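The report that follows describes salt bridges, empty spaces, buried residues and backbone details in one protein chain. Please read it beside the sequence and the structure.

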Amino acid sequence: MALAYLKEIDSESRIALWKIEETEAELLKHLQLDESEQKKLKSLAKGKRTLHWLATRVLLRYLLQTKDYINCPSDANGKPYLPDYPYEISLTHSYDYAGAMLSTKGYCGIDLEIVKDKVMRIKEKFLKPEELAFITGDEQVNQLYACWCAKEAVYKLQGNKGVSFLHNITIDPFVYTPQGVMTAHLEKEGESSRFQVYYERFNEYMLGYVVA
């Protein structure tokens, strides 16, 4: 397993990506799993899902600089948390990579997606007409993935519940560059929140992250 990317966003927040090169057995050697985690592992389909789950836990161990057991349960909505550490966390994975974000600043969200042309076929499912209006030119695929990652990051930040990418999260117009920032608005239960979401192209992937 190789650290592929590490970024200190500020003094309180950081993100990291690992390239998964190990087998399931090799990843397990770095972890101690309690009974509930062993049950969770057995419930996963073998292959990438298992490797992703294990790799995010190994990555947390690296970021927290510990060889001890790390308790990382998920709440009722599937949002992971660290009851024994003063960090908010968010986890992601895509194909050959696992990612994590840690912050003492506030709630956070991270998403990593491999960039493929198929996003053009589903763009109306997660973007409003006014959002699609500013996605033009040669970088449409990259910009669509930047929007998807931004909405996924906001979705994870707010708790994985009761939010539609299409109806509840709106992105202001922005010009795509390989690394940039956009403004996303979340409308939920009659309240409105505004977030600055950062994105960047990482090899053949798109990365998005946000901290409240």
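A residue is called buried when its relative accessible area is under 20%, exposed when that value is over 50%, and partly exposed in between. By this rule Asp10 is partly exposed, because its relative accessible area is 25%. The model is a predicted one, and the values below are computed from it.

**Salt bridges**

Side chains of opposite charge can pair when their charged atoms come close. The structure holds 5 salt bridges, and three of them are set out here, beginning with the distances between nitrogen and oxygen.

| Salt bridge | N to O distance |
|---|---|
| Glu200 and Lys7 | 3.3 Å |
| Lys105 and Asp10 | 3.7 Å |
| Lys156 and Asp111 | 3.9 Å |

In the salt bridge between Glu200 and Lys7, the closest N and O atoms are 3.3 Å apart. Glu200 belongs to strand E8 (residues 191-202) and Lys7 to strand E1, so this pair ties together parts of the chain that are 193 residues apart in sequence. The two partners fall into separate accessibility classes: Glu200 is buried, because its relative accessible area is 6%, while Lys7 counts as partly exposed because its relative accessibility is 22%.

Asp10, already introduced as partly exposed at 25%, has its side chain in a salt bridge with that of Lys105, at 3.7 Å from N to O. Here too distant parts of the chain are linked, for Lys105 sits in the loop between strand E4 (97-103) and strand E5 (108-114), whereas Asp10 is in strand E1, and the residues are 95 apart. Lys105 is likewise partly exposed, with a relative accessible area of 45%.

For Lys156 and Asp111, the closest N and O atoms are 3.9 Å apart. This pair joins helix H6, which holds Lys156, to strand E5, which holds Asp111, across 45 residues. Are these two residues buried or exposed? Both Lys156 and Asp111 are buried.

**Two buried residues in strands**

Met101 lies in strand E4 and is buried, because its relative accessible area is 0%. Leaving out residues up to four places away in sequence, Met101 touches twelve named side partners or backbones by the contact list, among them Ile9, Ile15, Ile89, Ile110 and Val210. Ser90 also appears among the contacts of Met101; the two residues are 11 apart in sequence and 5.2 Å apart in space, taken from C-alpha to C-alpha.

Ile171 is found in strand E6 (residues 169-171), and it counts as buried because its relative accessibility is 3%. Apart from neighbours within four places in sequence, Ile171 is in contact with Glu131, Phe134, Cys147, Ala150, Lys151, Met182, Thr183 and Ala184. From Ile171 to Ala16 there are 155 residues in sequence and 25 Å in space, C-alpha to C-alpha.

**Pocket and cavity**

Rolling a probe the size of a water molecule over the atoms shows where empty space is left. The largest pocket has a volume of about 530 Å³, and 26 residues line it, of which Trp53, Arg57, Ser74, Gly78 and Leu91 lie nearest its centre. The elements that give two or more residues to this lining are helix H2 (35-43), helix H3 (48-64), strand E3 (88-94) and helix H6 (140-157).

There is also 1 cavity of 30 Å³ or more in the structure, and the space within the largest cavity is about 70 Å³. Which residues line the largest cavity? Its lining consists of Leu31, Gln32, Leu33, Glu37, Arg57, Arg61, Tyr69, Ile70 and Cys72. Arg57 is thus named in the cavity lining as well as among the residues nearest the centre of the largest pocket.

**Surface patch and backbone angles**

Leu3, Leu6 and Tyr62 make a nonpolar surface patch of about 240 Å². Of these, Leu6 is found in strand E1 (residues 2-10) and is partly exposed, with a relative accessible area of 41%.

Gln65 has a positive phi of about 55° although it is not a glycine; it is placed in the loop between H3 and E3 and counts as exposed, because its relative accessibility is 63%. Asn203, another residue other than glycine, has a positive phi near 55°, and its place is in the loop between E8 and strand E9 (205-211).

How values were computed. Residues are numbered from 1 along each chain as its sequence is written. This is a predicted model: local features need pLDDT of at least 70, side-chain atom pairs count only at pLDDT 80 or more; totals for chains, interfaces and linings use all residues. Side-chain values use heavy atoms; hydrogens and water are left out. Patches are made of residues with over 30% relative accessible area and no salt bridge: like charges are joined within 9 Å, nonpolar side chains (Val, Leu, Ile, Met, Phe, Trp, Tyr) within 5 Å. Accessible areas come from the Shrake-Rupley method with a 1.4 Å probe; for residues, only the protein chains shown count as cover. A salt bridge is a side-chain nitrogen of Lys or Arg within 4 Å of a carboxyl oxygen of Asp or Glu. Helices (H or I, at least four residues) and strands (E, at least two) are DSSP runs, numbered from the N terminus. Buried means under 20% relative accessible area, exposed over 50%, partly exposed in between (1.4 Å probe, protein chains only). Contact means heavy atoms within 4.5 Å. On a 1 Å grid over the protein atoms alone, a cavity is a set of points where a 1.4 Å probe fits but cannot get out, and a pocket is an open set with protein on both sides within 12 Å along at least five of seven lines; lining residues have an atom within 4 Å of a point. Grid points are joined across faces, edges and corners, and a volume is the space filled by probe spheres set on the points.
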